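Open the model in your viewer and keep the sequence panel beside it. This tour moves from one selection to the next.

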Amino acid sequence: MSSDTNTAARRGLTRRGFIKAGAAAAVAGVAAGGLTGCGQGQVVSGSTAAGAGAAAAANPATRRIAPSWLGTPPEVDESAITETVDVDVVVVGLGTAGVPAVIAAAENGARVLGIDSQAAISNVREDIGAINFSLQRASFAEFPEFEIDPMEALEDIVRYANGFVNYDLVKLWADESGAMIDWITQICERNGDFRMNFEGSLGTQNGQARDRAWATGHSPEALTEDADFGADLGAYAEELGATLRFNTTFVKCEQRDDGRVTGIICRDDLDQHYLRVNASGGVILATGGYGNNTEMMEARQAWNQRLRINTGNGGNPTGDGIKAALWCGATMDALGAAVTFNRAACKPDETAGADVNGRWFWLGEQPFLKVNLLGKRLCNESGPYDYMLHSAFLQPSHTYVDIFDSNYPEQVRQTNEVGCCRLYPFDNGLPPTCPSTPCPPCFRASRRPGTCSAPTPSRSWPRSSTCRWRQRRRRSGATTSLRAAAGTTTTTRSPTG
Ligand SMILES: Cc1cc2nc3c(=O)[nH]c(=O)nc-3n(C[C@H](O)[C@H](O)[C@H](O)COP(=O)(O)OP(=O)(O)OC[C@H]3O[C@@H](n4cnc5c(N)ncnc54)[C@H](O)[C@@H]3O)c2cc1C
């Protein structure tokens, strides 16, 4: 056990402790979606929940009017519920949060059921941020600059969020994420189908970049043609005895009179029968965000609707788990935060907006010159994805234009982006995720061993001769590809997630 894990264990914050704490909770545990059990979130008027939620609802000082998007739990006729399942833990939503939650519950001996409305696991994200993962620690001898003080990272995140963030949650991530990656690594490398990579880069330092970058990125590299990260994690959950049920849509939680959540009602979408799932240990709601719930988005993040271009890359989050938890008396963060990418492009004769369908455009994140529709520069192009999107909200038609020329591969190398938008090898020689445009010649050249053009490369490139994005595209059988663009593109943003 690492010293970090020891610290966590002393505080009772191991995965085992998390599951136990979840089992004891009176209100459904929420693994994702911005819900919190504390803070001055929204109180649902007339909630049936017991305890603090009900007390707050009764108190005129804390009482809130329920928003129209919340609605009320659907009535399901008892006669329509023709199947009952008894488990210890039910996980609703098999995405980035839900699949590891299923695994953690199963590893701790729980009888666990995971459900999802989709036909299979999809969109479990692969670029994972962490501090003090073992590969990261191993790099410090060669790259001492990659070492991260968790407290410093925590303070940077709080500053980035203007303080609208739960310190405890961020600290939990800062303290535990390294052990989490070690855990995920053991799982995905167990059959030799994946190798976990550490994306070591700090971008441009020494005062030349406004925002500090942290070398936190990790990504599993597929070593076989058919390997799919999410599906592989799901297979492991099933190896542990967990049951995964697809085409099954969550409807609502069930509660006792004292407010304790006892299980869920869901619907089998293939034959439309309803199921009652009794979960003696707890319900984990991991249905993601609400980016595709128009009413909720308009109420909570109207500006993002104006900036939006749909590309279909974000799944179909409609806030079902969030609403269900609120129906049970949970509270919700006052401020909504969207997963925002400036990776979408619309046609030159269109402007951004929630009704616009565009295309995924990976180069959009590069800090090329950005001007508004009057030709005026609108922001410092170097910064986190959402900063320039928020600047775009203040511009005519909430739309900007990226300007670059045929020398863009060299410009991309010079601007030295980090994270999942990096288009050439990381400082420690790891492959980039790759652009959604066909890799330009200079990137192809840089993928030959020993020809890495990244700044201060220390190892010969690459460990894989095919970029990771292309591997994924081949596996998914996708045939569409964008032409490599050199010129001017109108680009704003992708869907909120
Ligand atoms: C294009 C894109 C790329 C991204 N890349 C990364 C990345 O590399 N790294 C990273 O850390 N983050 C990334 N993100 C952000 C990341 O996807 C989300 O933060 C993360 O997926 C949220 O996890 P989640 O489990 O809460 O929700 P999701 O991953 O969205 O999973 C929710 C699941 O719940 C299911 N569901 C919803 N409603 C119901 C219902 N009523 N009944 C049954 N099932 C339901 C959905 O089908 C879905 O499978 C990316 C986001 C986007 C849009």
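Before the first stop, one definition: a helix axis is a line fitted to C-alpha atoms over the stretch in contact, and angles run from 0 to 180 degrees between N-to-C directions. Keep in mind that this is a predicted model.

**The whole chain**

Start with everything shown as cartoon. The protein has 15 helices and 17 strands. Of its 497 residues, 41% are buried. Now think about contacts with a separation of 6 or more: 72% of them join residues 24 or more positions apart.

**Stop 1: two helices side by side**

Select residues 98-107, helix α4, and residues 229-239, helix α8. Their axes come within 9 Å and cross at roughly 20°. Angles under 35 degrees count as roughly parallel, so α4 is roughly parallel to α8. The crossing of the two helices is left-handed.

Which residues make the contact between α4 and α8? Show side chains on α4 for Val 99, Val 102, Ile 103 and Ala 106. On α8, do the same for Gly 230, Leu 233, Gly 234, Tyr 236 and Ala 237. Colour this set by character: seven residues are nonpolar, two are polar and none is charged.

**Stop 2: a sheet of three strands**

Next, select β5, β7 and β6. These three strands form an open sheet in the order β5-β7-β6, with antiparallel pairing. The edges are β5 (128-129) and β6 (194-199), each of which pairs on one side only.

Zoom in on β6 and β7, the latter being residues 217-222. They pair in the antiparallel sense over six bridges. Pick out two partners across them. Phe 194 has Ala 222 of β7 as its bridge partner. Met 196 stands opposite Pro 220, also in β7.

Is β6 enclosed or open to the outside? Five of its six residues are buried, so the strand is largely enclosed by the rest of the structure.

Now add helix α7, residues 167-188. This helix lies across β5, β6 and β7 and runs at about 150° to β6.

**Stop 3: Leu 135**

Select Leu 135, which is in helix α5 (residues 134-139). Leu 135 has 18 C-beta neighbours inside 10 Å, so it counts as partly exposed. A residue needs 20 or more to be buried.

What does Leu 135 touch, leaving aside neighbours within four places in sequence? Its contacts are Met 196 and Phe 198. Met 196 is the residue you saw opposite Pro 220. Then put a distance label between the C-alpha atoms of Leu 135 and Ile 181: it should read 9.6 Å, for residues 46 apart along the chain.

**Stop 4: Leu 378**

Finish in a loop. Leu 378 lies between β15 (369-372) and α12 (385-393). With 18 C-beta neighbours inside 10 Å, Leu 378 counts as partly exposed.

Show what surrounds Leu 378, skipping residues up to four places away in sequence. Leu 378 touches Lys 370, Val 371, Asn 372, Ser 391, Ala 392, Gln 395 and Tyr 400. For a last label, join the C-alpha atoms of Leu 378 and Leu 394. They are 16 residues apart along the chain and separated by 8.9 Å.

How values were computed
Residues are numbered from 1 along each chain as its sequence is written. This is a predicted model: local features need pLDDT of at least 70, side-chain atom pairs count only at pLDDT 80 or more; totals for chains, interfaces and linings use all residues. Helices (H or I, at least four residues) and strands (E, at least two) are DSSP runs, numbered from the N terminus. Angles under 35 degrees count as roughly parallel, over 145 as roughly antiparallel, 65 to 115 as roughly perpendicular and the rest as oblique. A crossing is left-handed if the near helix is turned anticlockwise from the far one by less than a right angle, and right-handed if clockwise. Two residues are in contact if their C-beta atoms, placed from the backbone, lie within 7 Å. Ala, Val, Leu, Ile, Met, Phe, Trp, Tyr, Cys and Pro count as nonpolar, Asp, Glu, Lys and Arg as charged, and the others, Gly among them, as polar. Two strands pair if DSSP finds at least two bridges between them. A residue is buried if 20 or more other C-beta atoms lie within 10 Å of its own, exposed if 12 or fewer, and partly exposed in between; C-beta atoms are placed from the backbone.
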